[in-house]
Amino acid sequence: MFADVIVDINNVEVDKIFEYSYSDTAITIGSRVAVPFGKKIIEGIVISTHEQSNYDPNKIREIDRLLEQTPALTQETLALMDYVCKTCYVTRASALRLFLPSEMRKGKVKEQFFRLVSIVDGVNVEKVVQSLRKSAVKQIQLLHFLQENNRANFTDLAQEFGNSAVNSLIEKGYLKINLEQKFRSPYKDVNALDKQVCLTEKQLLAVDSVCKTDKTVSLIFGVTGSGKTEVYLNLINKVISQGKTAILLVPEISLTPQMLKQLRARFGDNAAILHSGLSAGERFDEWWRLRNGDAKIAIGARSAIFAPIENLGLIIIDEEHDGSYTSESSPRYSTVDVAKFRAEKNGAKLVLGSATPSVESFNNALNGEYNLIELPDRINKRPLPNVEIADMRKEVRRGNNSPFSSILKEELEDCLNKGNQAIIFLNQRGYSKTVICTECGHVQKCESCDVSLTYHREDESLLCHYCGAKYKMIDACTECGSPFIRYGGTGTERVVDELKKLYPSAKILRMDRDTTQNKEGHFKILSKFSAREADILVGTQMIAKGHDFPFVTLVGILDADMSLHFSDFRSGERTFQLLTQVAGRSGRAEQAGKVVLQTYSPENPILKYAIKYDYLNFFKQEISIRKATAFPPFTDVVRVLITCEDDEKALLATKAIYDELNLIYTEKRDKFRFFGSMKAPLKRLQGKFRYQVLMRVNANDRALLDKVFYTVDKYNNRTVFVSLEINSNNLT
Ligand code: ADP
Ligand code: ZN
Ligand code: ZN
């Protein structure tokens, strides 16, 4: 027999299918195999098999061996891999990596086994004991122990009765060893939490609507606290009881343990968790539990959409608007698009849920492509918290230089006095965003990027938030030697410092990328806050979503404008979403909540809609702007990014690419709404100069995108790197 194999080398030149012969009948489509390649043996995956060779059979080499009995991929995941290759313009090997836990490739991690010892069937223990010497006390005790306990772990027995006792009984044929796979299970300390609730009428209608609609995609547009999670759990339950499987995606790793608690309570070991924060072994084992069908629900962040699940009945994408669902590095896939593909292939339902749907999704719901389900009220009709605006321009005029407005200080005091909890949100980690010399105005910058460095007081360092480079904090300006340094722009570390000065007895937790380095960091901070071991939680956007803290009655948003001034077309949308999400953390239980929103531009319409939770009017305004200015969903934004360490070479390549694309543009002008080339907003990153050719083209014109890709891709070489981004969330 012959097999077509994709080899695991991510190189455009070997992005071909190689044929091998084999005789092992266990080899089938989707099997992982080791194959000879040049002088090496490398790993690959079988994508098809056939009886006749397509080449001269004498020149075909043979598959070295099968790596696992169970094929790692299925027909469906292979089709999905093909789809990713075609739509994200990546090699097969690179697409393949989405489907296999990295630990599995190159055999870095193996299954762990228990060696279980038991008495061989038919052995009469009493007779054996009589045949043993009286001095063989340990052996006799061991036999009696096993007689009572059936079987036990080899290591435990060896410790209790001695290695030689166990081994000698095995040698004599009285005991046998069986291997049983040991599953490493993540989040062992996450206890099942079961809040059995009766669904409200609205929730029941939502569940019903998803089941009955003939549309593949349902969008649940439900305010924060409207009980969407409960709807998801119900839908999963339905699907599982029909013998099917489900995938549940959440935007941030930090949300997974919380969701997992509820899933554990309802579905036990049926839920498996997939994400990069797990240890290699755990990820490997969870992956296999899904692949073997031992677990039927995959839960995780973006990449869990590639879960090795068969018989899929339901995919849920919670907080579907979240930016993390778009991959910002190759392969640049859109999770929603991949989910649609899988749902359609399986005849499964796709549920998107959000309090602030993406403009694209809501548009699809309004034009009838999606089934729209609304949950307009919070559970028990609890009101959404009242938002008060603090005009920071006035505060500054009054001489208030602290990060907190006077209203926020009053509210904080009131909140703490009542024994409630508060959340302070600021989307900037570190102590200060920049350090500036007060003498000459010099701003400390990263050596390899065109960005200013952030001061981190915890370890007295200056950190580049783009490339991760770390420098020592300066005592004096590196330009003029002046010791007078000013801190520009407040970060979370500084906020905690200032709060400690104002409220010395308050307990404060900080949650940002720096305090959540290790695997369960998020979980620990959130559990502490949830257990009321702290009064104030200060954090970045990590704290914005999903969490449900019943004793939080105040949310302070320190700089509501931060994301408004980014240059890309989604900045307004993102600000609206973020503010609504953060505000939604307040007043979720019996006590009413408050929100104080600090801004330097209180008349901005986006903020005005946000404080009234007026999604519909926000959407109306946003979609009309997008239409008038020809932005998504009315067009696709396509960026060709050219980077190179040598500025000259980057510029030359950009010029050549521009000229060649210009031919397409001139020929097909009716397909374009914009065409131009310029420096990228971030001119240098990690030592590389950056240029871009920007286009806006008619939406979903695959043929045109293909043409653009094949035109620019050939400019990739060892020094110049050219990539294509379609509707990217991040056009820095
Ligand atoms: P969302 O996901 O829409 O923000 P959640 O599902 O987290 O909302 O629900 C908000 C709160 O209401 C949670 O504490 C949840 O346990 C509770 N809840 C949800 N549905 C019900 C219900 N039918 N009856 C009582 N409480 C409910
Ligand atoms: Zn200076
Ligand atoms: Zn840098």
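The exercises below, each with a worked solution, concern a predicted model.

**Exercise 1. The surroundings of ligand 1**

Find which residues come nearest to ligand 1, and describe the polar contacts and the classes of residue around it.

*Solution.* Begin with the shell of 17 residues around ligand 1, in which C198, Q203, G225, T229 and D548 come nearest. Next, sort the shell by class, which gives five nonpolar, seven polar and five charged residues. Then ask which element supplies the largest share of the shell: it is helix α8, residues 228-241, with three residues. Now look at single atom pairs, keeping in mind that a polar contact is a pair of N or O atoms within 3.5 Å. A polar backbone atom of C198 lies 2.7 Å from a nitrogen atom of ligand 1, and a backbone N or O atom of G227 is 3.1 Å from an oxygen atom of the ligand. The side chain of K228 also takes part, with an N or O atom 2.9 Å from an oxygen atom of ligand 1. Finally, consider the surface of the ligand: taken alone, ligand 1 exposes 560 Å², and the protein buries 81% of that area.

**Exercise 2. The nonpolar cores**

Describe the largest nonpolar core, and follow the contacts of F306.

*Solution.* As background, nonpolar side chains tend to be buried together in soluble globular proteins. In this model the largest nonpolar core has 86 residues, and those with the most contacts inside it are F306, I315, I317, L537 and I557. Helix α1, residues 75-88, gives the most to this core, with six residues. Taking F306 as an example, and leaving out residues up to four places away in sequence, one finds that F306 touches L80, V84, L98, F99, Y333, V338 and R342. Another core, of 29 residues, lies apart from the largest one, and V239, L248, I299 and L375 are among its members.

**Exercise 3. Buried or exposed?**

Decide whether T492, K507 and T580 are buried or exposed, and list what each one touches beyond four places in sequence.

*Solution.* The cut-offs are needed here: buried means under 20% relative accessible area, and exposed means over 50%. T492 lies in helix α15, residues 492-502, and counts as buried because its relative accessibility is 0%. Its contacts are L426, Q428, R429, G430, R510, D512, V538, G539 and T540. K507, found in the loop between α15 and β24, has 51% relative accessibility and therefore counts as exposed. K507 touches E533, A534, D535 and I536, and although K507 and E533 are 26 residues apart along the chain, their C-alpha atoms are separated by 7.5 Å. T580 belongs to helix α17, residues 571-583, and is buried because its relative accessible area is 7%; its contacts are T224, T356 and Y613.

**Exercise 4. Backbone details in loops**

Locate the cis peptide bonds between S330 and P331 and between P632 and P633, and then examine the phi values of A630 and N700.

*Solution.* Start with the bond joining S330 and P331, which is cis with omega about -5°; P331 is in the loop between β14 and α11. The bond from P632 to P633 is likewise cis, with omega near 5°, and P633 is placed in the loop between α19 and β28. A630 lies in the loop between α19 and β28, and its phi is near 60°, a positive value in a residue other than glycine. N700, in the loop between β30 and α21, also has a positive phi, near 60°. To finish, apply the cut-offs once more: A630 counts as buried because its relative accessibility is 3%, whereas N700 counts as exposed because its relative accessibility is 69%.

Conventions:
Residues are numbered from 1 along each chain as its sequence is written. Chains are lettered from A and ligands numbered from 1 in the order in which they are written. This is a predicted model: local features need pLDDT of at least 70, side-chain atom pairs count only at pLDDT 80 or more; totals for chains, interfaces and linings use all residues. Side-chain values use heavy atoms; hydrogens and water are left out. A residue is near a molecule or strand if one of its heavy atoms lies within 4 Å of it. A polar contact is a pair of N or O atoms within 3.5 Å; within protein, one must be able to donate a hydrogen and the other to accept it, and residues adjacent in sequence count only if both atoms are side-chain atoms. Accessible areas come from the Shrake-Rupley method with a 1.4 Å probe; for residues, only the protein chains shown count as cover. Helices (H or I, at least four residues) and strands (E, at least two) are DSSP runs, numbered from the N terminus. Ala, Val, Leu, Ile, Met, Phe, Trp, Tyr, Cys and Pro count as nonpolar, Asp, Glu, Lys and Arg as charged, and the others, Gly among them, as polar. A nonpolar core is a set of buried Ala, Val, Leu, Ile, Met, Phe, Trp, Tyr and Cys residues joined through side-chain atoms within 4.5 Å. Buried means under 20% relative accessible area, exposed over 50%, partly exposed in between (1.4 Å probe, protein chains only). Contact means heavy atoms within 4.5 Å.
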